[in-house]
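Notebook open, coffee poured. I want to look up a helix pair, a pocket and one glutamate, and jot down what turns up.

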Amino acid sequence: MALSNSQLAFIDQIYANRRLDNQIVMNERLAEVEEAIPEIAKINSDIATLASDAMRSSLSGNSVDVESIKKEIQSLGEKKRALLLSGGFAADYLDEIYTCEKCHDTGFVDGKSCECRDKEIIKYLYSRSELKNILERENFSTFNYDLFSQSLVDENLGVDARTNMKNVAEYCQYFINHFDTEFDNLLFYGKAGTGKTFLINCIAKELMDTFHSVLYLSASQFFNLTADNVLNKDSSSVYKNVDLDDLKNCDLLIIDDLGTEFTTAFSETYLFEVLNERLIHQKSTIISTNLTLEEMQKRYDDRVFSRAMGYYSTFKIFGDDIRKLKKFSGGED
């Protein structure tokens, strides 16, 4: 997982806020209890003093005093719990509050990321990609090969639509399983409605579920975003916090529907820059387009096209418009 420093800082802030919120609740509880049972304030003060004494004794190597102090603290703790019960409170009412009992809201257990932190990272990555709701319905578990015809055969490929999609999906699984060890990029091309975006979403979900940073952009969003960043314009879109470094450094960049954008020399320059930077640093990219390879070659600068053809595994997706089929689960394209 390659989160940037700013992304890691965002996750760390979640835990800082969590600890602060729990401390606020604890302070409110303490004030409530000390008002109802004033004696507990004196006990808490005595425990704090003893804890300080134990620390000094430990530093001086006096283990006998440390054990004696621990027994005093334990005795005061039992007295405090008895007072809480007699005052109508739960015995553990003033125990430390943790949202996660495993990591005590640090995010780590024995130096490793806690399960709760992993979940927060997934939530963050999903929110950054705008795919969360889509991926709940578009993933490999909902992929239906029956939607691809066995009677429709592509003469150049020599296979029917269903076999072709199974072959492509098999390669996508390989791409996912070897994502961290084998560098590759994917280019899906074919008519609209044949399942390219659905397939991309399947890949995105698998990688985000294993804590990889995935940034999904339509071609229009990509070019608008690069223009806004270069011109230092404030973006009102959900991608206003995404910068050019994110485009170049996220684990997987997805550019969907390339060819639907309004192309200028300016936009092509930044498309080339982003694709080239990602190739240099071996950051994977997936591109989908409704254009044929011949149409791509005519539309884009040779630098862009040569990178798409020379450094990408290229797959033609064909078949009926599955968006029109009743069994299709709601994905577009």
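Entry 1, the helix pair. I listed who touches whom: from α10, the residues E268, T269, L271, F272, L275, N276 and L279 meet R303, V304 and R307 of α12. Sorted by class, that contact holds five nonpolar, two polar and three charged residues. A reminder to myself that this is a predicted model.

Next I checked the geometry. Two packed helices get described by the angle between their axes and the distance between the axes. Here α10 spans residues 265–280 and α12 spans residues 302–310. I noted an angle of about 35° for the pair, with the axes 9 Å apart. As for handedness, α10 and α12 make a left-handed crossing.

Entry 2, the pocket. How much space lies in the largest pocket? I got about 240 Å³. There are 13 residues lining the largest pocket, and G190, K191, T292, K316 and F318 are the closest to its centre. By class, I have the lining down as five nonpolar, five polar and three charged residues.

Entry 3, the glutamate. I found E295 in helix α11, which covers residues 293–299. Is E295 buried or exposed? Neither label fits: its relative accessible area is 40%, so I call E295 partly exposed, the class between under 20% for buried and over 50% for exposed. I also looked along the chain from E295 and picked out G259, 36 residues apart from it. The C-alpha atoms of E295 and G259 are separated by 9.2 Å.

How values were computed:
Residues numbered from 1 in each chain as written. Predicted model: local features only at pLDDT ≥ 70, side-chain atom pairs only at ≥ 80, totals over all residues. Heavy atoms only, no water. 1 Å grid on protein atoms, 1.4 Å probe; cavity = no way out; pocket = protein on both sides within 12 Å on 5 of 7 lines; lining within 4 Å. Points joined across faces, edges and corners; volume = space filled by probe spheres on them. Nonpolar A, V, L, I, M, F, W, Y, C, P; charged D, E, K, R; others polar. Axes fitted to C-alpha atoms, helices over the stretch in contact; angles between N-to-C directions. Helix = DSSP H or I, 4+ residues; strand = E, 2+ residues; numbered from the N terminus. Left-handed = near helix turned anticlockwise from the far one by under 90°. Contact = heavy atoms within 4.5 Å. Buried < 20%, exposed > 50% of the residue type's maximum accessible area, 1.4 Å probe, protein only.
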